[in-house]
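Here's a quick briefing to read with the model open beside you. Have a look at the fold before going through the points.

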Amino acid sequence: MSFLNASFAQNMSIVRPEYFFITGLEGIPYRSYYYIFLCVTYFIAVIGNSAVLLIIALERSLHSPKYISVFNLALADLGETNAWIPNTMKIFFSDSQYMSYNACLANMFFVNLFVTLQSATLVVLAFDRYIAICFPLRYHAIVNNTFMSLVFVIIWAFNTSLVALAASLMTQLSFCKSNVVESYYCDYGAVLGMACNDNSINMFLTNLIVFLFLVSPLFIIVLSYMGIVFALSKITTWEARLKALKTCVSHLLLVVSFFLPVICIFIASLVTSLTPNARVISGSLSLSLPPMLNPIIYVLNTAEIRVLIQKLLKNRILPIRKNFSKRW
């Protein structure tokens with residue numbers, strides 16, 4: 001009975017603001033140009049990733065384990081982009097920087113979910129390249145469509161559960177100090193720092209998510225490429241080595257575009273104290289650039305997708321040319 005009374009008293013004492021105030025960029029005279037830049041990255045990301053999703057879904061020759069991973073990455077990129085940029089644009093263009101408590105939790109959940117999915121997908125792609133190069137004869141026995149589909153079902157279920165738990169635990173925190181979030185969206189870390197009661201469980205879960213989806217993926221990817229380099233060193237001819245390494249270029253570029261901004265922000269925060277505006281710009285770039293660059297990287301570096309786009313364009317342009325020549 002005393003436990004129930006204590007729990008009831010704790011719930012009664014929890015202070016939840018009706019709204020959070022999202023600061024965005026403050027005190028910068030030409031900040032509108034940065035928001036326009038974000039709009040451009042948003043449209044490129046949406047069009048590019050939608051095109052990749054459609055091409056993979058409609059082209060039967062791309063229904064392979066590797067492209068199941070690429071499809072999942074494009075889906076995560078599309079979700080992450082839509083999770084925060086439209087809200088940021090709405091705040092800027094409507095000049096209303098308030099976000100309701102429930103909308104803040106939803107915004108936090110979806111951004112974190114899709115970021116963790118991006119990270120996990122890069123690990124799966126690294127595994128795919130590792131098996132393809134180190135065990136080429138066993139590749140189709142180990143990595144097939146059923147295996148890859150099952151892996152992503154587990155990833156989606158696990159990531160959704162963990163991120164949902166982190167967001168739901170926010171409801172146990174009191175925000176009696178401030179409701180001002182110094183970020184460009186309802187950032188989990190920024191909101192957590194505003195809590196005025198015990199947030200040790202939330203901090204543990206935050207550190208666990210960072211370890212599982214930022215530190216561990218990078219470590220696993222580095223290990224997989226060390227194994228790939230070792231396997232390539234056993235190949236006698238440079239031509240064969242370069243041919244095998246070429247299949248990894250797209251994935252390496254994706255890894256760099258995802259992890260490099262995060263590493264730069266981490267190093268910068270250790271070296272110097274970042275201003276709120278610097279954190280907003282660096283953080284928003286780390287979220288906006290990978291979804292924009294990923295479809296471009298795959299179109300430019302993947303022969304199968306390039307050939308399909310060329311065929312589509314050729315089929316569209318040839319009839320137009322014929323009709324035009326008949327008229328003249």
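What follows covers the chain as a whole, then some helix pairs, then two loop residues.

Keep in mind that this is a predicted model. The chain has 12 helices and 3 strands, and 41% of its 328 residues count as buried. The notes below pick out three helix pairings, two of which involve α3, plus a look at L25 and C196, each of which sits in a loop.

**The chain overall**

- Measure up the C-alpha trace along its principal axes and you get a span of about 75 × 60 × 40 Å.
- The accessible surface totals about 18,400 Å², and carbon and sulfur atoms own 70% of that.
- Take the contacts with a sequence separation of 6 or more: 79% of them link residues 24 or more positions apart.

**α3 against α4**

- Helix α3 covers residues 65-94 and helix α4 covers residues 101-134; their axes lie 9 Å apart, at an angle of about 160°.
- Because that angle is over the 145 degrees cut-off, the two helices count as roughly antiparallel.
- The crossing of α3 over α4 is left-handed.
- Sorted by class, this contact brings together 15 nonpolar, 7 polar and 5 charged residues.

**α3 against α11**

- α3 also packs on helix α11 (residues 276-301), here at about 145° with 10 Å between the axes.
- This crossing, too, is left-handed.
- On the α3 side, the contact is made by V70, L73, D77, E80, T81, W84 and I85.
- On the α11 side, the partners are S284, L287, S288, P290, P291, N294 and Y298.
- The class tally for this pair is 8 nonpolar, 4 polar and 2 charged residues.

**α6 against α8**

- Helix α6 (residues 145-169) and α8 have axes that come within 10 Å and cross at roughly 155°.
- With the angle over 145 degrees, α6 therefore runs roughly antiparallel to α8.
- The pair makes a left-handed crossing.
- From α6, the contact residues are F158, N159, L162, L165, A166 and L169.
- From α8, they are I201, N202, L205, L208, I209, L212 and F213.
- By class, that gives 11 nonpolar and 2 polar residues, with no charged ones.

**L25, in a loop**

- You'll find L25 in the loop that runs between β1 (19-22) and α2 (31-58).
- Is L25 buried or exposed? L25 counts as buried because its relative accessibility is 2%, and the cut-off for buried is under 20%.
- Leaving aside residues up to four places away in sequence, L25 touches R31, Y34, Y35, N277, V280 and I281.
- One of those partners is Y35; L25 and Y35 are 10 residues apart along the chain, and their C-alpha atoms are separated by 9.4 Å.
- N277, V280 and I281 are also among the residues L25 touches, and their numbers place them in α11, residues 276-301.

**C196, in another loop**

- C196 is located in the loop between α7 (188-192) and α8 (200-233).
- How does C196 count by accessibility, and at what value? At 29% relative accessibility, C196 counts as partly exposed, so it lies between the cut-offs of 20% and 50%.
- Its contacts, not counting residues up to four places away in sequence, are S174, F175, C176 and K177.
- C196 and V215 are 19 residues apart in sequence, and 29 Å separates them in space, C-alpha to C-alpha.

Technical notes
Residues numbered from 1 in each chain as written. Predicted model: local features only at pLDDT ≥ 70, side-chain atom pairs only at ≥ 80, totals over all residues. Heavy atoms only, no water. Axes fitted to C-alpha atoms, helices over the stretch in contact; angles between N-to-C directions. Helix = DSSP H or I, 4+ residues; strand = E, 2+ residues; numbered from the N terminus. Parallel < 35°, antiparallel > 145°, perpendicular 65-115°, else oblique. Left-handed = near helix turned anticlockwise from the far one by under 90°. Nonpolar A, V, L, I, M, F, W, Y, C, P; charged D, E, K, R; others polar. Buried < 20%, exposed > 50% of the residue type's maximum accessible area, 1.4 Å probe, protein only. Contact = heavy atoms within 4.5 Å. Areas by Shrake-Rupley, 256 points an atom, 1.4 Å probe, with all protein chains shown as cover.
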